[in-house]
Amino acid sequence: MKTGIPMDKRCLIVIPCLNEEKHIGPLIAKLGPALDELDARIVVADGGSTDKTRDIVRDIAVADPRVLLLNNPKRLQSAAINLAIETFGDDYDYFIRIDAHGDYPDDYCQTLVREAGATGADSVVVAMRTMGFSAFQKATAVAQNSKLGNGGSKHREGAKGHWADHGHHALMRIAAFRAIGGYDETFSHNEDAELDYRLRKAGYRIWLTDKTAMTYYPRASIPTLFRQYLGYGRGRARNILKHRSMPSIRQMLPLAVVPIFVGAFLAILNWIAVIPVGLWAFACVAYGFWIALGERNPYGPLAAISAMVMHFAWSMGFWMEVLSFRGRGVVPAHRTGSAAP
């Protein structure tokens with residue numbers, strides 16, 4: 001039967017993880033058909049799990065030697081991918097990055113390889129569909145799926161397949177990954193966008209596919225959501241500072257949140273100072289109620305709260321990184337240890 005999969009290409013499936021005992025077994029089982037159809041190997045790069053994750057992977061590996069457990073002492077996802085490619089990449093053409101706390105269609109890996117073969121892309125990226133279970137998760141998912149939370153990002157909203165600057169990392173040609181030095185391990189967040197910048201600058205092409213997508217489950221509380229977006233803001237600032245690039249319009253708007261919030265304290269001198277932060281809060285709440293009424297989504301008003309947390313944390317993280325940048329410079333990108341082809 002014709003599958004459309006380039007049978008001369010081999011895939012390395014890499015799963016960075018930490019304490020994922022509830023998800024790792026079912027996830028590996030779901031990837032089983034991809035092992036057969038893609039002549040693939042699964043590498044679980046574990047950052048030092050203290051639950052049963054490592055035991056589960058070892059048991060699976062005993063039954064199927066195509067599944068391997070790799071210790072990731074640096075704990076970062078970027079380091080996990082780099083280490084897996086450095087250790088096993090010589091025998092494979094593509095690698096596919098799988099997030100342990102996400103969900104994927106049954107033919108996810110196979111579709112990515114088909115798209116790479118059909119387009120000739122060096123990287124195939126996907127859109128993220130955000131879903132939640134608790135009330136706060138559902139509200140955050142509504143925010144992240146809307147322009148209020150994602151600013152119109154194509155890989156958040158989904159779009160027709162097209163050549164893109166960035167997207168959620170899925171498949172990449174190992175030769176291209178190695179040629180630009182892999183992920184920069186000084187980035188704890190935004191390492192994917194930073195790599196995509198270097199990928200495009202080196203002349204490689206990124207294809208955002210509309211043939212498949214992954215499902216992402218957002219943070220379940222305000223403190224964890226805040227910390228996540230604080231890291232995103234710092235990562236974006238580090239990216240801009242490293243490459244001397246300009247932020248896009250959709251990134252520049254939330255940058256103003258912390259400055260106008262701080263500026264509101266000048267209201268003790270002049271009440272006009274509180275107007276900007278008031279307009280921001282009003283716009284978020286109004287958009288939330290528009291979602292509730294226009295889209296008949298009861299989580300709209302709560303989504304406004306999630307969006308405000310995301311905006312404020314992202315802006316704070318960005319300015320924290322900018323202010324701490326003086327005197328320490330930018331660390332060069334980490335290399336995987338392989339020479340460019």
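Ile275 lies in helix α14, which spans residues 275-294. In this predicted model, Ile275 is partly exposed, with a relative accessible area of 34%. Ile275 belongs to a nonpolar patch on the surface, together with Trp271, Ile272, Val274 and Leu279. The accessible area of these residues together is about 500 Å².

The mean pLDDT of the protein is 88, and 90% of its residues reach 70 or more. Over residues 330-341 pLDDT stays under 50. For that stretch the model has 34 contacts beyond four places in sequence.

The count of salt bridges comes to 20. Three of them are listed here.

| Acidic residue | Basic residue | N to O distance |
|---|---|---|
| Asp103 | Lys30 | 3.1 Å |
| Asp106 | Lys30 | 4.0 Å |
| Asp184 | Lys242 | 2.7 Å |

The pair of Asp103 and Lys30 links distant parts of the chain: Asp103 is in strand β5 (residues 102-103) and Lys30 in helix α1 (residues 24-30), 73 residues apart. Asp106 is in the loop between β5 and α5 (108-119), so its salt bridge with Lys30 ties together parts that are 76 residues apart in sequence. Lys30 counts as partly exposed at 28% relative accessibility, and Asp103 as partly exposed at 31%. Asp106, at 58%, counts as exposed.

Asp184 sits in the loop between α9 (174-179) and α10 (191-201), and Lys242 in helix α11 (residues 222-243), 58 residues apart. Both Asp184 and Lys242 are buried. A network of salt bridges links Asp184 and Lys242 with Glu194 and Arg198.

Note on methods: Residues numbered from 1 in each chain as written. Predicted model: local features only at pLDDT ≥ 70, side-chain atom pairs only at ≥ 80, totals over all residues. Heavy atoms only, no water. pLDDT = per-residue confidence, 0-100. Contact = heavy atoms within 4.5 Å. Patch = residues over 30% accessible without salt bridge, like charges linked within 9 Å, V, L, I, M, F, W, Y side chains within 5 Å. Areas by Shrake-Rupley, 256 points an atom, 1.4 Å probe, with all protein chains shown as cover. Salt bridge = Lys/Arg side-chain N within 4 Å of Asp/Glu carboxyl O. Helix = DSSP H or I, 4+ residues; strand = E, 2+ residues; numbered from the N terminus. Buried < 20%, exposed > 50% of the residue type's maximum accessible area, 1.4 Å probe, protein only.
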